[in-house]
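Visitor: Please take me closely through a single part of this model, the surroundings of the ligand.

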Amino acid sequence: MRRPLVIGNWKMNGDRDQCQRLIASINSGYTSTEGDVDIVVCPPSVYLREVHDQLRQQSSVLNLGGQNVSDQISGAYTGELSAGMLKDAGCTYVLIGHSERRSLFGEDNVVIARKVLATLDAGMIPVLCVGETLSEFELGQTQAVVLKQVMDVAAIVGIKRFDRVVIAYEPVWAIGTGKVATPDYAQEMHRYIRGQLSAKDGLVGESVRILYGGSVTAENSGSLFKQTDIDGALVGGASLSADQFVSICAIANRVQLRIAS
Ligand code: PGA
């Protein structure tokens with residue numbers, strides 16, 4: 001059974017006070033203790049250590065994630081953060097290859113694969129983000145694009161190590177647009193990705209967690225989480241609202257408890 005995972009990606013939003021308030025509100029709002037859901041927040045990197053300390057002080061169940069990582073171990077890479085540094089700051093997860101990194105910062109599948117490797121080598125869990133753009137969707141290229149994004153990375157990282165990788169399927173046309181994919185569409189893509197990984201390695205296909213991302217809210221998360229191959233969500237905008245984020249985590253928890261019973 002795959003353990004559900006909900007990740008909040010705060011992107012470049014908020015300041016120190018807002019980060020502290022958001023964490024405090026999530027901690028007091030999320031009271032569910034019986035569930036089997038992993039929850040991660042990804043604040044801007046300059047606040048990671050403070051958020052980490054706050055999570056400790058408040059005995060929080062939340063985990064900490066980085067929004068990006070360098071593919072290099074150390075050296076003259078001004079402005080970059082290594083996987084070791086993120087680990088030192090308390091991260092256990094790292095988002096890699098988010099569509100904003102691909103489109104705005106020119107990250108390609110080779111760099112992304114190296115970032116996945118650096119993250120695995122540092123003992124953290126990489127969250128590999130994939131997804132088609134609107135024009136690729138309209139041209140009917142969705143499966144080919146997503147398959148290449150996954151398999152180019154698997155070829156470099158090695159399929160066996162994918163059992164530690166989380167995949168986030170995020171159609172780019174759904175990110176920040178309010179146009180969430182239908183549960184059926186998302187399920188079909190998740191099943192496709194899992195099937196392709198299973199063809200390479202049955203155990204990996206069965207165990208890899210595949211999250212949906214793109215305009216997830218408390219209102220639409222339940223119908224997404226009920227799909228067999230959707231193991232949780234990568235949440236952007238709605239993760240900046242404690243009420244929304246807590247509700248999404250609680251819904252993942254409830255769906256999980258129902259499936260498990
Ligand atoms: P969104 O962002 O939930 O605001 O659409 C998702 C993401 O960028 O991961």
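Guide: By class, the shell around the ligand consists of four nonpolar, six polar and two charged residues, where Ala, Val, Leu, Ile, Met, Phe, Trp, Tyr, Cys and Pro count as nonpolar, Asp, Glu, Lys and Arg as charged, and the others, Gly among them, as polar. This is a predicted model, in which local features need pLDDT of at least 70 and side-chain atom pairs count only at pLDDT 80 or more, while totals for chains, interfaces and linings use all residues. Residues are numbered from 1 along each chain as its sequence is written, and side-chain values use heavy atoms, with hydrogens and water left out.

The residues that surround the ligand (one of their heavy atoms lies within 4 Å of it) are Lys11, His98, Glu170, Ala174, Ile175, Gly176, Gly214, Ser215, Leu234, Val235, Gly236 and Gly237. Three of these residues can be followed through their polar contacts, that is, pairs of N or O atoms within 3.5 Å. Glu170 takes part through its side chain, an N or O atom of which is 2.5 Å from an oxygen atom of the ligand. Gly176 and Gly236 take part through the backbone: an N or O atom of the Gly176 backbone lies 2.6 Å from a ligand oxygen, and a polar backbone atom of Gly236 is 2.8 Å from an oxygen atom of the ligand. Of the 280 Å² of accessible area that the ligand has on its own, the protein covers 95%, with areas taken from the Shrake-Rupley method with a 1.4 Å probe.

Methods: Polar contact = N/O pair within 3.5 Å; in protein donor to acceptor, adjacent residues only side chain to side chain.
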